Every structure is written in structure tokens, then in C-alpha cells.
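The following exercises are to be worked through with the sequence and the coordinates at hand. Each task is followed by a solution in steps.

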Amino acid sequence: MMIKIKPIKPHRKTNALYIVVFITLIIYVVVLLMPLIWGLFISFVDRDAYSEYLHNPLVLPTSYTFDNYINGFADFQIKPLGSYTDQNIFEIVFQTLVYSGLCSLAATIVPCICAYASARFNFKFGKVVYGIVIVTMAIPIVGNLPSEIRVAQAIGTFDNLWLFWIMKANFLTIYFLLFHSIFKGIPMAYTEAAKIDGANNFRIMVHCIMPFALGTLGIVFLLNFINFWNDYQIPYYYLPSYPVVGTAVFNFSLHYERYGGIPQLIAMIFIVAIPIIVLAIAFNKKLMSNLSDGGIKE
Amino acid sequence: MTKALLGNHNKTKSSTSSKKDKIFFYALIILPLVQFLIFYVYVNFNSILLSFQRYDSSSGGFVFLSDNIFKNYQGVFELGNLGLDLGKLILNSVILWVCMVVFGTIPAIVFSFYIYRKRALCHFFKFFLFLPSIIPSILLTTVFKGFMIDCISNIMSMFGTTFTTSSGLLDPYSDTAFPILLIYYIWISFGAQVLFYSNAMAQTSPSLVEASQLDGCGEGRILLHVVLPGIMPTVKTFIIASIAGLFTNQMLLFNFYGTIDSAPNIATIGYFIYSMAAPGPSNYDNYPLMSAFGLLCSVIAISAIFVVNKIFKRFEK
């Protein structure tokens with residue numbers, strides 16, 4: 001008969017520092033959640049009950065309704081610049097998916113491929129590429145937005161939903177360094193062995209080396225996707241004819257009285273935020289894990 | 001003879017392979033390189049040119065200044081013409097940067113240490129510290145704005161506080177808006193730092209921590225003398241990277257107030273530049289001025305990075 005031995009938990013002293021940090025963090029969570037919970041409550045309050053609530057905000061409204069979500073869904077329409085017809089929520093979500101999907105794909109694959117080229121081939125120009133990334137990350141450039149807009153207008157990526165991703169297909173990001181360290185950590189023996197077996201450079205990249213970075217690729221794509229989905233400032237300027245959910249919500253928030261007041265506005269925001277919150281919760285462990293995990297484990 | 005032939009054959013094979021490698025290498029990077037040349041090199045070069053130009057409404061393009069080539073640079077110091085106070089813009093941006101570095105970095109390190117030492121509810125806290133980075137900022141700001149105006153300001157009114165406008169505590173012309181938004185911004189900005197610091201702390205050798213514990217070090221001393229020196233390069237990187245933020249950080253003001261006309265006296269430089277760069281003929285007049293302003297900010301930021309880097313190096317010695 002096997003005897004199970006319980007592992008002895010190390011004795012941990014309760015420390016004043018930890019008590020203070022614990023209390024601070026509890027306060028942090030409460031303060032962070034308080035407006036969100038308030039918002040969730042308010043999103044179920046009808047306009048009249050909300051007006052009454054404003055006179056006595058210490059007492060929460062007693063009657064709740066799902067109408068704000070139903071009306072919010074129906075009112076989720078926006079007239080893009082230069083158009084005479086409104087776009088509905090499905091069109092806006094489709095545009096957001098195209099914008100976020102293409103941009104995050106470009107912003108993930110390009111640094112990965114450039115990092116692969118720079119790390120796996122011993123050419124001087126590979127080191128130049130690495131140097132470019134370091135220098136551009138260290139040197140902050142401020143105020144080039146007007147120039148970028150003008151260049152985008154001249155090239156044709158401005159207000160072009162299907163080509164806008166080109167502007168995001170750059171390798172000057174921290175993800176380049178991340179992929180570079182992963183590819184550099186994989187022994188060259190893998191490449192040499194594959195070459196002896198007759199594999200060409202493309203096959204070596206796709207079948208031998210990339211699988212080591214697949215996990216990181218997935219996380220980087222997800223992080224980029226969440227960023228692009230949540231972003232409204234870039235599409236607000238660069239894609240005026242193709243409103244994305246963020247742009248639409250920002251417009252609603254400027255003219256909320258037209259959209260059933262604050263309760264319906266908050267309901268509308270929750271409608272479009274729920275998919276991304278669900279996605280983030282589903283992958284929260286992956287998102288918060290160490291991104292440098294990858295390559296070969298010793 | 002055979003050896004010589006074989007050697008020659010190997011040489012030819014290796015040179016063919018090297019040529020193929022070279023072709024493949026350049027095939028991989030050629031398009032990203034073109035993108036870099038257009039959207040980084042040319043955009044920034046054009047930004048410099050733009051700072052010496054003016055918008056010509058008749059031709060719909062930008063032409064070089066003929067009378068006073070530095071007119072746009074002079075214009076940076078005459079922002080009063082646009083109803084803005086340059087001193088206030090700089091002051092607000094500096095306050096934001098200093099507060100982010102001091103009140104953002106120190107708590108982030110302490111929180112990360114708590115998570116690294118796996119204390120009570122550490123995973124729960126890690127999730128909530130990271131949550132604001134996932135939730136759309138427009139959701140957070142809209143809900144917070146509603147909460148502060150319709151709930152907190154109204155409660156304060158019930159207890160005798162009078163507000164001049166319906167925006168209550170967030171009235172951009174009041175003394176309360178800037179500090180509240182500043183605290184709120186710091187409050188929701190811990191996520192990335194905590195993630196990076198706790199990952200950096202995980203690289204600390206456990207035997208080092210155990211040895212210091214055996215020597216009688218308390219947790220505070222372990223943090224200060226064992227863990228902190230190990231994560232100093234990460235902290236340094238964050239602080240240096242934050243210098244650019246001095247001129248680009250908008251403190252979510254665009255989310256709260258829209259364009260700068262609504263909140264000129266609490267504006268930061270980042271908010272100002274973004275707000276004035278809206279595309280459209282009505283704003284093209286501002287483009288050269290914004291480019292000149294941005295260029296001056298870039299020069300200051302680059303100099304500041306060198307200074308901060310030197311200060312860090314002196315400390316390291």
C-alpha cells in the first residue's frame with residue numbers, strides 16, 4: 001500500500017508590508033470595480049427612473065428594464081463621413097473585425113518574419129535590421145501624425161479599410177525583440193539537419209523553426225487584436241468612412257442625449273465590449289503568462 | 001586530384017547555398033523594409049519639411065514659407081493665438097510624467113513583489129491589475145465619467161457642495177478635474193508594468209532569496225537589496241520609454257472631452273497634438289505648426305533620454 005505524504009507547506013510569516021499591500025490591493029479592486037458595477041446597474045435603468053435617481057443618488061433605482069440593451073442594439077447606427085445612409089451594428093462589427101484582424105495579423109507576422117531573418121541568417125544586414133529596431137525604439141519621435149496622415153492620403157491607405165493594414169505592417173515593435181530572442185535560442189543544428197535532409201529555406205522556416213514560436217505568435221496576435229479592437233483614435237482619423245465599434249461608441253458618448261441618455265449609452269458600450277471581455281477572460285492565463293516562454297526548454 | 005575536385009565541388013555547393021540563403025533572406029525583409037522607408041523614414045523626413053511649410057488653400061497643398069522660414073517654430077511660442085497657454089501645456093505634461101514615474105512605478109514594483117512572493121490572492125490581484133489594459137478605454141472612461149458626474153458629484157451636492165456646471169467634479173474649468181483624471185489615469189495604468197516587473201522578478205535566483213532569508217533579511221530588505229537590483233534594467237527601460245510619453249501621453253482627455261476646445265486648461269501636449277491633427281482642410285493650417293512643435297519636443301525628448309541614461313549609469317557605478 002502506498003502511503004501518500006502530504007507536502008509540507010513552507011511557513012510564511014505574516015509581514016506588515018504584505019498586510020499593507022493586501023489592503024491597498026483590495027482598495028484598488030473595489031475602486032476599479034465600483035464604477036463598472038454602477039454602470040452595469042445603470043444600464044438596466046429606464047430614462048425616467050434614472051432622472052429620479054439623479055435627484056437622490058444615494059438610493060438605487062428599484063425598477064430595472066432590458067430595454068436599454070434592445071434599444072441600444074437598434075440605435076447602434078452611425079452615418080459615416082460623406083455618406084447619406086446609416087451603418088448598422090452588423091456593418092460596424094464587420095468593419096471592426098476586418099480592421100482588427102488585418103492589422104493584428106500584419107503587426108504579428110511582420111516582426112516575426114523579420115526577426116527570423118535577422119536571427120537565423122548570418123548576414124551583416126540582419127544586424128542592421130536589429131540595430132534599426134533598437135534605435136527607433138530608443139528615439140522618440142513626436143508630432144509626426146500630420147505628416148503620416150498626408151503620406152497615407154498620397155499612398156492610398158487613408159480611408160481604405162482593406163489596405164490600412166499596410167501602415168501597421170512594421171517590425172519596429174517590442175515583439176521583434178521577443179521573436180528574435182526565441183529564434184536566436186534555437187540551435188542552428190536544426191537548420192543544418194533539415195538542409196542535409198534536402199529541405200529548402202521556406203520549409204525549414206515553416207516546418208522546423210516556426211513551430212517553436214507558435215505559442216508566442218498566438219499570444220502576440222491576441223494582444224494585438226485586443227488593442228486594435230479597443231482602439232478608436234487611429235480609425236477615427238484614418239478611416240472616417242469606415243466607423244469601427246470604438247469610433248461609433250466615441251461618437252455616441254459625445255451625443256448621448258440623442259441615444260436615450262447615459263443608461264442606454266452604457267448599455268451600448270457593454271454590448272460591444274462583452275466579446276472582447278469574454279475573449280480576454282478565456283485567455284487570461286495565456287495573456288498574463290511570461291511572453292518570453294518559447295523556443296526550446298532545457 | 002580527387003581531393004581537389006571534391007573540395008571544389010563542396011565550395012560550389014556552399015556558395016550556391018549561400019546565394020539561396022541570401023535570396024531568401026532579402027525576400028523575407030524586402031517588403032517590411034520598403035514599409036519602414038515609407039512610413040518611418042519618409043514620414044519623419046516629410047514632418048521636418050512640413051515644419052517649414054504652410055498650407056495653401058488655393059492649391060490645396062503645402063508650400064515652403066518664403067518670407068520667414070522659421071515662422072512655424074515662432075508660432076510654437078505664440079500658442080495664445082489658438083487660445084492655449086504653452087506654459088500650462090508643459091506644466092500639465094510634466095506633472096503627469098512625474099506622477100506616472102513616482103506614483104506609477106513604486107506601487108507597481110511593490111505590487112509585483114507581492115505577486116512574485118505568491119501571497120494571498122496574488123493571481124486574483126494580477127488579473128485585476130491587468131484588467132484595465134483589456135477593457136476598452138472608452139468603456140472605462142464613459143462609465144467613470146457617468147459615475148463621477150451623476151453619482152459622486154450629485155451626492156456631494158446633496159451635502160452642500162455647489163458646482164458651477166453640470167459636469168460637477170469633472171468640469172474642465174474647475175480645480176478638481178485635473179487631479180481626479182490624473183489619479184484615475186495612474187490607477188488604471190499599472191497593468192503592463194506589473195506584468196513586466198513580476199516576470200522580471202521571476203528570473204531572480206530562488207537560492208539568493210533563501211540565502212538572504214537565512215541571513216535574517218525581512219521581506220522589505222529582500223525587495224530592496226535582492227530583487228530590486230535584479231529588475232533594475234527593466235525599471236530603467238520603463239522610465240526611459242516613459243520620457244516619450246511626456247509629449248505623447250493624452251491622459252485619456254480625448255475620451256473624456258473630445259477636442260481640445262472643450263478642455264484647454266487641463267490639456268497635455270499629447271492631447272494637444274492629437275486634437276489639432278484631425279484630418280480635413282479646416283485643420284490643415286495647423287499641420288506645419290504641429291510638425292514644428294513635434295520636432296522641438298522630439299529634440300527635448302532625445303536629450304532627456306541621454307541625460308536620464310547617464311544618471312542611471314552613474315548610479316550603476
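A residue counts as buried under 20% relative accessible area, as exposed over 50%, and as partly exposed in between. The model examined here is predicted.

**Exercise 1.** Determine whether B:Val98 is buried, partly exposed or exposed, and identify the surface patch that includes B:Val98.

*Solution.* Begin with the location: B:Val98 belongs to helix 3 of chain B, residues 86-116. Next, take its relative accessibility, which is 40%, so B:Val98 counts as partly exposed. Finally, consider the surface: B:Val98 joins B:Ile90, B:Val94, B:Val102, B:Phe103 and B:Ile106 in a nonpolar patch. Together these residues have about 490 Å² of accessible area.

**Exercise 2.** Describe how helix 9 and helix 13 of chain B are arranged relative to each other.

*Solution.* Two packed helices are described by the angle between their axes and the distance between the axes. Here helix 9 spans residues 219-248 and helix 13 spans residues 287-316; their axes come within 9 Å and cross at roughly 160°. This angle makes helix 9 of chain B roughly antiparallel to helix 13 of chain B, because angles over 145 degrees count as roughly antiparallel. The handedness completes the description: helix 9 of chain B passes helix 13 of chain B in a right-handed crossing.

**Exercise 3.** Characterise B:Leu246 by its element and its burial, and state how far B:Leu246 is from B:Cys297 in sequence and in space.

*Solution.* B:Leu246 is part of helix 9 of chain B. With a relative accessible area of 15%, B:Leu246 is buried. B:Leu246 and B:Cys297 are separated by 51 residues in sequence, while their C-alpha atoms are 9.0 Å apart in space.

**Exercise 4.** Compare the settings of B:Leu121 and B:Leu252, and comment on phi for B:Leu121 and for B:Leu252.

*Solution.* Most residues other than glycine have a negative phi. Phi is positive, near 60°, in B:Leu121, and likewise near 60° in B:Leu252. B:Leu121 sits in the loop between helix 3 and helix 4 (122-134) of chain B, whereas B:Leu252 sits in the loop between helix 9 and helix 10 (253-257) of chain B. As for accessibility, B:Leu121 is partly exposed at 46%, but B:Leu252 is buried at 15%.

**Exercise 5.** How many residues of helix 11 of chain B are buried?

*Solution.* Helix 11 covers residues 269-276, and 8 of its 8 residues are buried, so helix 11 is largely enclosed by the rest of the structure. Among the buried residues are B:Ile269, B:Tyr271, B:Phe272 and B:Met276.

Conventions:
Residues numbered from 1 in each chain as written. Chains lettered and ligands numbered in written order. Predicted model: local features only at pLDDT ≥ 70, side-chain atom pairs only at ≥ 80, totals over all residues. Heavy atoms only, no water. Patch = residues over 30% accessible without salt bridge, like charges linked within 9 Å, V, L, I, M, F, W, Y side chains within 5 Å. Areas by Shrake-Rupley, 256 points an atom, 1.4 Å probe, with all protein chains shown as cover. Salt bridge = Lys/Arg side-chain N within 4 Å of Asp/Glu carboxyl O. Helix = DSSP H or I, 4+ residues; strand = E, 2+ residues; numbered from the N terminus. Buried < 20%, exposed > 50% of the residue type's maximum accessible area, 1.4 Å probe, protein only. Axes fitted to C-alpha atoms, helices over the stretch in contact; angles between N-to-C directions. Parallel < 35°, antiparallel > 145°, perpendicular 65-115°, else oblique. Left-handed = near helix turned anticlockwise from the far one by under 90°.
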